[in-house]
There are 6 protein chains.
Amino acid sequence: MLNKNIQTFIACDCEYENAEIVLFGAGYDGTTSFRAGTRFAPSAIRNESFGIETYSPYQNKDMTDYSYFDSGDLELPFGNPEQVLDDIKERSGIILNDGKKTFMIGGEHLVTLGQVRAVAEKYNDLYIIHFDAHADLRDDYLGQKLSHACVLRRCHEIVGDRHIFQFGIRSGDREEFKFADGHTEMHKFTFDGLPETVAKLKDKNVYLTVDLDVLDPSVFAGTGTPEAGGVSFDELRRALTLVCSELNIVGCDVNELSPPYDQSGVSTAVACKIIREMLLALL
Amino acid sequence: MLNKNIQTFIACDCEYENAEIVLFGAGYDGTTSFRAGTRFAPSAIRNESFGIETYSPYQNKDMTDYSYFDSGDLELPFGNPEQVLDDIKERSGIILNDGKKTFMIGGEHLVTLGQVRAVAEKYNDLYIIHFDAHADLRDDYLGQKLSHACVLRRCHEIVGDRHIFQFGIRSGDREEFKFADGHTEMHKFTFDGLPETVAKLKDKNVYLTVDLDVLDPSVFAGTGTPEAGGVSFDELRRALTLVCSELNIVGCDVNELSPPYDQSGVSTAVACKIIREMLLALL
Amino acid sequence: MLNKNIQTFIACDCEYENAEIVLFGAGYDGTTSFRAGTRFAPSAIRNESFGIETYSPYQNKDMTDYSYFDSGDLELPFGNPEQVLDDIKERSGIILNDGKKTFMIGGEHLVTLGQVRAVAEKYNDLYIIHFDAHADLRDDYLGQKLSHACVLRRCHEIVGDRHIFQFGIRSGDREEFKFADGHTEMHKFTFDGLPETVAKLKDKNVYLTVDLDVLDPSVFAGTGTPEAGGVSFDELRRALTLVCSELNIVGCDVNELSPPYDQSGVSTAVACKIIREMLLALL
Amino acid sequence: MLNKNIQTFIACDCEYENAEIVLFGAGYDGTTSFRAGTRFAPSAIRNESFGIETYSPYQNKDMTDYSYFDSGDLELPFGNPEQVLDDIKERSGIILNDGKKTFMIGGEHLVTLGQVRAVAEKYNDLYIIHFDAHADLRDDYLGQKLSHACVLRRCHEIVGDRHIFQFGIRSGDREEFKFADGHTEMHKFTFDGLPETVAKLKDKNVYLTVDLDVLDPSVFAGTGTPEAGGVSFDELRRALTLVCSELNIVGCDVNELSPPYDQSGVSTAVACKIIREMLLALL
Amino acid sequence: MLNKNIQTFIACDCEYENAEIVLFGAGYDGTTSFRAGTRFAPSAIRNESFGIETYSPYQNKDMTDYSYFDSGDLELPFGNPEQVLDDIKERSGIILNDGKKTFMIGGEHLVTLGQVRAVAEKYNDLYIIHFDAHADLRDDYLGQKLSHACVLRRCHEIVGDRHIFQFGIRSGDREEFKFADGHTEMHKFTFDGLPETVAKLKDKNVYLTVDLDVLDPSVFAGTGTPEAGGVSFDELRRALTLVCSELNIVGCDVNELSPPYDQSGVSTAVACKIIREMLLALL
Amino acid sequence: MLNKNIQTFIACDCEYENAEIVLFGAGYDGTTSFRAGTRFAPSAIRNESFGIETYSPYQNKDMTDYSYFDSGDLELPFGNPEQVLDDIKERSGIILNDGKKTFMIGGEHLVTLGQVRAVAEKYNDLYIIHFDAHADLRDDYLGQKLSHACVLRRCHEIVGDRHIFQFGIRSGDREEFKFADGHTEMHKFTFDGLPETVAKLKDKNVYLTVDLDVLDPSVFAGTGTPEAGGVSFDELRRALTLVCSELNIVGCDVNELSPPYDQSGVSTAVACKIIREMLLALL
């Protein structure tokens with residue numbers, strides 16, 4: 001007798017009951033105003049993950065020594081962002097209520113809002129660490145409140161002033177940078193100040209959201225709005241290892257890979273390695 | 001003194017007041033569930049149009065002898081399909097109320113609904129001719145009523161039974177084909193029966209919607225859901241010339257070109273020629 | 001509790017015990033001498049299959065009314081074609097011995113040999129119907145006996161003279177065409193003669209192997225050695241429906257899709273529709 | 001001792017002295033006004049030619065039975081079309097004066113003019129057969145007399161009225177079609193009338209120029225200005241076989257393949273097969 | 001009544017009379033000897049510019065506070081470089097004579113010569129700052145004096161010895177480097193020495209020409225002759241901000257983006273940001 | 001009379017007898033388990049090499065002052081790795097026995113084994129310097145001993161413990177890193193320690209194998225398994241210049257360029273420059 005064809009991110013194949021971290025894909029890009037394609041990221045990442053090793057020479061750890069579960073992709077109703085966020089919140093909630101960490105793979109950045117709603121329902125006094133090229137602090141975008149360009153602004157309405165720490169930001173309109181001055185802690189262009197942030201959030205519940213376009217487009221071309229002048233792979237890797245190993249990350253996401261815009265496959269491979277390093281550092 | 005940089009579909013450069021046909025772009029693809037990219041169609045078509053001639057050896061007519069105006073693209077709020085349709089309806093309404101024919105370039109097929117609403121407001125007893133690979137008659141798609149997969153079903157709610165004539169249809173779920181049996185006049189696979197339809201609609205107000213994926217993907221690869229077994233360019237060209245020259249077309253649209261999925265540029269070039277032939281046949 | 005992420009060809013999701021047809025992928029292309037990439041076909045086809053419908057308007061049948069099972073992909077040792085063929089033979093053998101039809105998705109054409117070995121072990125007096133642009137009758141290729149260019153020659157050694165019926169062949173060296181004269185029944189360029197072949201094989205056990213490059217490259221560009229002058233999608237669809245519905249097909253395969261060489265996705269979509277039409281006609 | 005690395009079109013490897021037909025590449029596209037890239041055609045064709053067979057099942061002939069020589073590519077001075085034409089004329093002249101047929105691979109269509117000048121110097125009362133999507137009869141293009149869009153007009157100045165026979169033409173401005181009425185024999189859209197032309201030119205010296213965009217873009221996407229509605233591969237193959245085997249072709253060219261615009265490689269493969277069929281029919 | 005479709009680089013939409021800087025496109029690449037495609041740069045840049053912000057967090061300035069005008073693209077006669085340069089010179093002259101700065105977007109690097117001719121006619125004792133991977137100091141290229149590979153040599157004939165300052169140069173033939181020794185001031189590989197150059201040219205009229213291939217191909221792949229080992233985006237951004245804000249730049253150009261060679265769109269996005277930073281620093 | 005079409009890497013056009021270094025291509029990728037395509041590297045590199053200069057401003061040397069010979073590509077039997085290695089060994093042996101250095105262009109990394117066998121037959125006490133992202137020290141891969149993933153393990157069996165020096169390694173399974181601890185000298189991530197290695201191997205016979213994926217994928221995307229976090233072009237260039245100019249390199253290879261995965265051509269251009277710098281430093 002033959003088995004069904006189970007597909008997971010590499011080495012995320014334990015039983016659900018035993019998993020400490022549960023992945024899922026939220027391949028939604030319905031509010032993306034320029035180049036779409038992040039909808040294909042979760043499956044592309046899963047396929048490509050078998051091209052990387054389970055062992056990290058950076059951390060000298062191997063994924064096969066830990067327990068990860070990949071619960072597959074949500075099927076999301078394009079054209080109805082509110083419903084999309086509800087579906088995401090529901091999936092995240094199940095994982096959190098089973099006492100596990102939730103690890104979401106987007107999709108455009110808006111998907112973060114759905115999971116943050118679930119996490120904030122479970123954890124009080126939630127802090128957010130945000131790696132991104134873009135501030136994502138617009139109040140609305142062409143009149144829409146639910147947009148990838150507004151997602152951290154919406155999160156700010158949930159977690160409140162000075163609970164969001166932004167790094168790597170190098171694009172936004174003038175108003176977003178002004179808003180950041182009063183309401184978030186924004187570190188422009190680099191990860192400068194990250195050790196201090198980590199020290200400050202030592203005993204807090206922290207949500208981590210990684211927009212992969214924080215990377216320089218030289219190494220991550222496959223994204224909707226590439227912004228030159230970004231951080232290097234090693235800078236991001238080190239920053240993530242620090243945050244994931246030192247802080248109490250209760251949930252996280254990695255988003256904005258758009259596979260159709262990188263025919264070489266490099267961007268997808270980069271996303272896989274970033275996810276591996278995060279998964280290893282989180283446990 | 002230098003002029004501003006005006007960009008139009010080739011030869012669509014008369015003054016608005018003199019125009020008999022007014023084009024506009026509605027580059028929305030927010031409900032596209034699989035491969036997006038039709039948002040880029042209007043500007044790609046405009047650029048590519050300078051690679052074709054204004055003269056048609058098929059019709060022995062030249063665009064420079066007629067009056068077309070290109071009013072550019074709508075800026076549409078992704079993530080809010082209802083608002084998108086309102087914006088389209090408003091633009092179409094202005095054109096219709098100025099006594100001109102409206103010619104919309106999509107975008108995904110959902111945009112048709114916005115313009116049909118405007119046309120139906122101006123013209124009673126409206127008929128629709130629909131060229132497409134897909135029936136687009138679903139009542140909802142993943143719970144959404146406003147979806148490219150439902151657009152003709154929504155149009156049917158406006159124009160009523162037996163007012164929609166579908167040609168070239170070769171894909172849909174079983175329910176859509178059943179619905180067509182009772183409510184539309186569907187011609188599967190080909191344009192068989194088109195002359196009879198044209199004869200029947202001789203004195204009617206007719207709206208024409210052309211989903212370019214009615215073409216075989218061999219000649220039109222750049223679309224979200226290519227369906228093998230389609231009609232040839234010459235079959236479509238002849239069908240459109242017949243419809244546009246014989247019937248009273250009060251508005252029309254051409255949609256579902258997705259330029260990123262045809263790197264060769266052939267699909268965009270095909271769209272341009274189709275539009276030229278339609279523009280020439282309409283006047 | 002969340003489920004594991006099961007991925008199948010669309011609607012191939014019954015339990016193994018109930019399945020009448022069992023699919024598997026054999027993504028091997030290690031002897032491909034020119035453009036490789038067919039290794040990616042099975043997973044590309046699985047992903048893309050959710051872009052097609054389960055209902056066929058051609059046959060007026062729906063996959064949801066039948067029982068198909070997708071047992072996933074073999075992991076094959078590149079660099080060792082003999083072992084590859086053994087692995088394929090083993091998988092095919094399990095399916096056949098459980099009384100089911102086996103449906104393999106290649107991979108390069110050499111994979112056919114592995115499955116034919118399994119089928120020939122179970123069924124005496126086996127006949128092969130072969131759709132292809134290439135004769136594949138070389139005795140060796142650069143000294144190698146196990147090559148995609150020799151696969152039907154190897155099959156001929158198993159099933160014997162006049163047991164292979166070839167259609168659509170339009171490429172080969174002079175020797176291959178001479179060999180065909182004496183040993184197979186070759187129909188060049190088209191499906192002419194197929195009804196007679198079907199009549200002749202009425203009560204036989206028949207294996208069907210479909211090299212998708214029998215299609216014209218206009219509609220199937222994504223293959224290693226595209227050969228202009230091929231059959232159309234509708235011609236292939238009709239030929240396959242005839243063969244699959246009229247004959248006792250005990251096993252079959254579809255091969256030579258190379259997704260990296262068709263960025264538009266059309267070729268993969270074509271493969272999916274061909275597989276759907278075969279699956280529906282077989283039951 | 002090791003040999004130098006000689007690269008030829010497949011089977012064009014005899015000694016120059018013995019050759020009946022001599023090929024060369026003229027990869028110039030400096031007047032191409034839209035999408036360039038035909039400069040890469042000769043080397044792409046040479047590389048790709050090893051993916052086709054030397055044997056043609058259509059003609060039942062094998063290139064290895066004849067004598068062809070590939071003299072490589074001219075290095076042409078971009079930015080100076082007059083010099084480019086001189087360089088081409090010189091190469092063609094050498095071949096013609098050695099009593100061989102000259103077979104040029106473009107490049108854009110302008111290169112034809114250089115070779116026609118050489119041929120016309122050697123042969124009086126020269127006739128031209130021209131397969132193309134475009135009339136190429138403009139008197140000038142943006143003020144330039146030497147342009148791919150004017151090449152047949154320039155040839156007309158050499159060979160005179162009623163000495164050019166055009167087939168497959170489906171694009172041009174109104175003036176070009178008018179010019180054709182009085183000065184060339186133009187067959188629009190198809191090869192209708194070709195047998196009559198062949199009969200008429202039976203004992204004449206004929207130059208054959210093949211702009212590959214006469215093919216439908218479905219099978220030949222890799223060209224600068226694809227024009228839907230073209231002839232099929234089989235129609236072109238048959239037309240070429242007729243012309244090359246029945247007439248006294250003293251020189252010929254195949255042009256306008258632009259490899260960068262067909263990532264699948266199909267267009268280049270098509271060009272190779274067309275060239276093989278011509279080479280076989282010419283001898 | 002509807003407006004015409006005006007397309008500009010983002011925020012370059014003031015009235016001509018009020019503009020301090022006037023942009024235009026010179027999409028010529030007719031002497032490009034290897035990979036062409038820079039002809040498409042101006043329109044690609046215009047389209048892509050709406051994906052960047054008008055606000056620069058680097059300079060804390062916003063384009064909406066200044067007056068820029070985009071006068072569109074020249075239509076240039078391919079095949080006649082002398083005429084191309086005349087057309088460019090004429091456009092630049094109009095802008096300069098209206099007391100504005102001229103900002104040209106190439107096209108290949110040869111276009112610089114046309115504008116430098118115009119600038120040198122208006123300003124005596126002109127200096128040129130040249131950022132590039134290539135020396136562009138050949139006296140001729142395959143016999144042609146007007147070639148992208150000779151453009152700075154031609155400029156040197158206009159502005160004279162020691163009036164050209166070259167930075168980032170990392171490719172050329174031996175003669176070019178020798179020529180630079182005696183006639184220009186060349187800084188190889190980097191921007192080392194730029195502050196000293198800026199100090200030296202404080203009160204001079206300076207023309208700035210930026211060949212974007214000075215950037216490392218990691219971040220700027222879309223160019224005809226990519227040269228590894230280039231400067232980073234941040235290095236170029238800082239160098240340009242320094243030059244544009246500290247010196248009296250009377251005219252400038254940005255050239256050698258070839259959009260077809262970067263399917264990801266990153267190179268075009270980089271060009272847009274470079275242009276934004278220059279536009280902001282110039283005023 | 002016209003010459004045959006000889007194609008070489010730029011400036012590798014001396015007579016064989018006079019050559020000090022002989023290049024050849026070994027375009028085999030038959031054991032590549034993920035993305036194939038390195039089979040196309042040798043011809044792509046040859047074509048692209050005419051886009052670089054023969055002069056290096058880094059070393060201030062010109063290839064035209066030295067004697068290189070390009071002996072073209074081996075035609076290798078896909079599907080039979082043992083035979084492939086024999087063919088490579090034979091070619092390398094001829095070159096070595098003629099007293100020349102052998103310079104092989106892969107293909108996948110397995111090809112190194114064939115040449116190392118030839119070199120080790122001629123030179124006792126051979127040392128290997130290995131630049132790579134991957135350890136390539138697996139004992140077998142899916143049961144196969146002859147695999148790109150095992151190639152340095154196989155070489156270790158020839159040259160013995162502590163005779164292999166690895167640099168830049170950043171990927172492998174846990175066992176490979178353990179194996180390296182006892183048997184090779186591995187420098188992870190960077191070229192740290194290279195000067196010491198060079199000092200140590202001063203009078204030894206050294207083989208140099210360069211897997212180009214040691215480069216960061218930002219500048220070298222065209223490879224089968226891109227690994228972020230690699231060395232820069234300048235780091236690799238300097239390391240190679242050091243090794244090639246200071247040590248007695250008796251043979252070398254450059255491998256793992258996969259042209260189909262970098263449509264921009266940057267990766268191929270990078271490979272060409274790396275080869276030029278090596279060729280100049282070796283003499």
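How much area is buried between chain F and chain C, and what percentage of that area do carbon and sulfur atoms give? Before the answer, keep in mind that this is a predicted model. The area buried between the two chains comes to about 1600 Å², with carbon and sulfur atoms giving 55% of it. On the chain F side, the residues that lose the most area to chain C are F:Phe78, F:Leu142 and F:Gln144, and together they make up 29% of what that side buries.

Let's stay with this pair for a moment. The contact brings 20 residues of chain F up against 20 residues of chain C. Try superposing chain F on chain C: a rotation of 180 degrees with 0.0 Å of shift along its axis does it, at an RMSD of 0.0 Å. The two copies are thus related as by a two-fold rotation axis. The same surface serves both copies, too, since 100% of the contact residues of chain F recur in chain C. If you want to find the axis on your screen, look for F:Gly30, whose C-alpha comes closest to it among the residues of chain F, at 2.5 Å.

What about the chemistry of this interface? Across it, the rule finds 0 salt bridges. There are, however, 6 residue pairs in polar contact between chain F and chain C, counting pairs with both residues at pLDDT 80 or more. Sorted by class, the side of chain F that touches chain C has 10 nonpolar, 7 polar and 3 charged residues.

Now swing over to chain E and chain B. Here the contact takes 25 residues from each of chain E and chain B, and the buried area is about 1900 Å², 59% of it from carbon and sulfur atoms. Three residues, E:Leu2, E:Lys4 and E:Asn5, supply 38% of the area that chain E buries against chain B, more than any other three.

This pair does have salt bridges: the count is 2. In a salt bridge at 2.9 Å, N to O, the side chain of E:Glu15 meets that of B:Lys4. Polar contact adds up to 4 residue pairs, again with both at pLDDT 80 or more. Helix H1 (41-48), strand S4 (68-73) and helix H2 (81-97) of chain E each put at least two residues into the side that touches chain B, and S4(E) gives the most, with 5 residues. By class, that side of chain E has 9 nonpolar, 7 polar and 9 charged residues.

Finally, a couple of pairs that don't meet. Chain A and chain D share no contact, and their closest C-alpha atoms lie 12 Å apart. Chain B and chain F do not touch either, with nearest C-alpha atoms 12 Å apart.

Notes: Residues numbered from 1 in each chain as written. Chains lettered and ligands numbered in written order. Predicted model: local features only at pLDDT ≥ 70, side-chain atom pairs only at ≥ 80, totals over all residues. Heavy atoms only, no water. Least-squares fit on C-alpha atoms with pLDDT ≥ 70 in both. Contact = heavy atoms within 4.5 Å. Buried area = accessible area lost by both parts, 1.4 Å probe. Salt bridge = Lys/Arg side-chain N within 4 Å of Asp/Glu carboxyl O. Polar contact = N/O pair within 3.5 Å; in protein donor to acceptor, adjacent residues only side chain to side chain. Nonpolar A, V, L, I, M, F, W, Y, C, P; charged D, E, K, R; others polar. Helix = DSSP H or I, 4+ residues; strand = E, 2+ residues; numbered from the N terminus.
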